[in-house]
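This briefing introduces one protein model and is meant to be read beside its sequence and structure. Please keep both in view while working through the points that follow.

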Amino acid sequence: MFTAIIPVKKNSSRLPGKNLKLFGKENLLTRKIRQLKESKIADRIIVSSDCTKMLQIAKDANVDAIIRPTCYADESKPATEFFPYLASLIPEGHFIYSCVTSPHFDAKLMVEAKDKYLEAINNGYDSLITVYKFQHFLMDKKGPLNFGFGAEHKNSEDLPELDLFTNGIVISPISSVKKWKYHFGPKAYRFKVDQKASNDIDTKLDYLTALAWEQNE
């Protein structure tokens with residue numbers, strides 16, 4: 001059994017009202033519910049929220065609405081307590097973590113990710129995450145991390161290829177989530193997505209970028 005949880009909360013510090021931002025003719029929450037339904041990758045869909053409006057949206061869409069205790073919505077609890085809480089909502093099977101902030105991780109990609117997950121767990125992987133190829137110049141307080149000065153400088157396409165974790169989807173056995181106290185494991189299969197699907201809305205610029213992708217289809 002596969003259970004998808006859509007985690008949404010009332011308050012968002014960097015982009016107020018983020019989870020209900022309009023996106024075309026729908027908002028981000030209704031869009032993600034629709035994508036999951038269209039994909040048919042989950043036997044059950046849960047919206048976990050501290051917001052009565054978001055929970056009503058879930059009920060109106062005929063998916064499960066579970067009110068989230070405030071302590072798991074105000075970031076006062078660490079991830080190692082938040083994910084076990086979510087895991088407690090699922091008795092068995094597999095956990096799909098699906099965020100509304102990835103509006104372009106659509107139903108087609110969801111199906112591909114689930115198929116790859118089922119293949120991956122039979123080949124030594126313990127979970128699935130989504131990643132985007134990252135090749136940009138990085139520096140810390142001491143200086144360059146992945147490039148050099150002068151003659152050691154590289155063009156961006158020649159930089160070491162890194163993987164940028166995105167919030168497209170995470171899939172794991174629920175028993176493992178309870179053991180790890182986290183939503184994916186150390187041997188996660190990295191499902192690669194393009195730049196559009198990698199968009200994760202956290203700031204106003206992220207939101208406007210996602211809208212621009214949508215309007216240029």
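**Briefing: charge pairs, pockets and cores**

The side chains of Glu26 and Arg31 form a salt bridge, with nitrogen and oxygen 3.5 Å apart. The structure is a predicted model, and salt bridges in it number 13. The points below treat selected salt bridges, then the nonpolar cores, the two largest pockets and two residues with a positive phi angle.

**Salt bridges**

- Side chains of opposite charge can pair when their charged atoms come close.
- Both partners of the opening pair are buried, because burial requires a relative accessible area under 20%: Glu26 has 17%, and Arg31 has 9%.
- A second salt bridge links the side chains of Arg34 and Glu38, at 3.2 Å from N to O.
- These two residues both belong to helix 1, which spans residues 28-39, and they are four residues apart, so about one helical turn separates Arg34 from Glu38.
- Arg34 is partly exposed at 30% relative accessible area, and Glu38 is likewise partly exposed, at 47%.
- A third salt bridge joins Arg190 to Asp163, with a distance of 2.9 Å from N to O.
- Arg190 is in strand 11 (residues 188-192) and Asp163 is in strand 10, so this salt bridge ties together parts of the chain that lie 27 residues apart in sequence.
- Arg190 is partly exposed, with a relative accessible area of 46%, and Asp163 is also partly exposed, with 28%.
- Through shared partners, salt bridges connect Glu26, Arg31, Arg34, Glu38 and Glu214 in one network.

**Nonpolar cores**

- The largest nonpolar core contains 38 residues.
- Ile6, Leu29, Ile33, Val47, Ile96, Phe105 and Ile169 are the members with the most contacts inside this core.
- Several elements each contribute at least two residues to this core, including strand 1 (2-7), helix 1, strand 4 (44-49), helix 2 (52-60) and helix 4 (107-120).
- Strand 7, strand 10 and helix 7 are also among the elements that each provide at least two of its residues.
- A second core, separate from the largest, has 19 residues, among them Leu89, Val170, Phe184 and Ala188.
- Which residues does Ile96 contact, leaving aside its neighbours within four places in sequence? They are Phe2, Thr3, Ala4, Ile5, Ile41, Ala42, Ile169, Val170 and Ile171.

**The largest pocket**

- Rolling a probe the size of a water molecule over the atoms shows where empty space is left.
- The largest pocket holds about 640 Å³ of space.
- Its lining consists of 30 residues, and those nearest the centre are Lys9, Lys18, Glu75, Phe82 and Tyr97.
- By type, the lining comprises 15 nonpolar, six polar and nine charged residues.
- Helix 3 (79-87) and strand 10 (162-173) each supply at least two lining residues.
- Helix 3 provides the largest share of this lining, namely three residues.

**The second largest pocket**

- The second largest pocket has a volume of about 240 Å³.
- Its lining is made up of Tyr132, Phe134, His136, Leu164, Gln195, Ser198, Asn199, Asp200, Asp206, Thr209 and Trp213.
- Four of these lining residues are nonpolar, five are polar and two are charged.
- At least two lining residues come from each of strand 7 (127-134), helix 6 (195-198) and helix 7 (204-215).
- Which element gives the most to the lining of the second largest pocket? Helix 7 does, with three residues.

**Residues with a positive phi angle**

- Lys40 is a residue other than glycine with a positive phi, near 60°.
- Lys40 is located in the loop between helix 1 and strand 4.
- Is Lys40 buried or exposed? Lys40 counts as exposed, because its relative accessibility is 71% and exposure requires over 50%.
- Glu75, also a residue other than glycine, has a positive phi near 65°.
- The loop between strand 5 (64-67) and helix 3 contains Glu75.
- Glu75 is exposed, at 63% relative accessible area, and is one of the residues nearest the centre of the largest pocket.

Notes:
Residues are numbered from 1 along each chain as its sequence is written. This is a predicted model: local features need pLDDT of at least 70, side-chain atom pairs count only at pLDDT 80 or more; totals for chains, interfaces and linings use all residues. Side-chain values use heavy atoms; hydrogens and water are left out. On a 1 Å grid over the protein atoms alone, a cavity is a set of points where a 1.4 Å probe fits but cannot get out, and a pocket is an open set with protein on both sides within 12 Å along at least five of seven lines; lining residues have an atom within 4 Å of a point. Grid points are joined across faces, edges and corners, and a volume is the space filled by probe spheres set on the points. Ala, Val, Leu, Ile, Met, Phe, Trp, Tyr, Cys and Pro count as nonpolar, Asp, Glu, Lys and Arg as charged, and the others, Gly among them, as polar. A salt bridge is a side-chain nitrogen of Lys or Arg within 4 Å of a carboxyl oxygen of Asp or Glu. Buried means under 20% relative accessible area, exposed over 50%, partly exposed in between (1.4 Å probe, protein chains only). A nonpolar core is a set of buried Ala, Val, Leu, Ile, Met, Phe, Trp, Tyr and Cys residues joined through side-chain atoms within 4.5 Å. Contact means heavy atoms within 4.5 Å.
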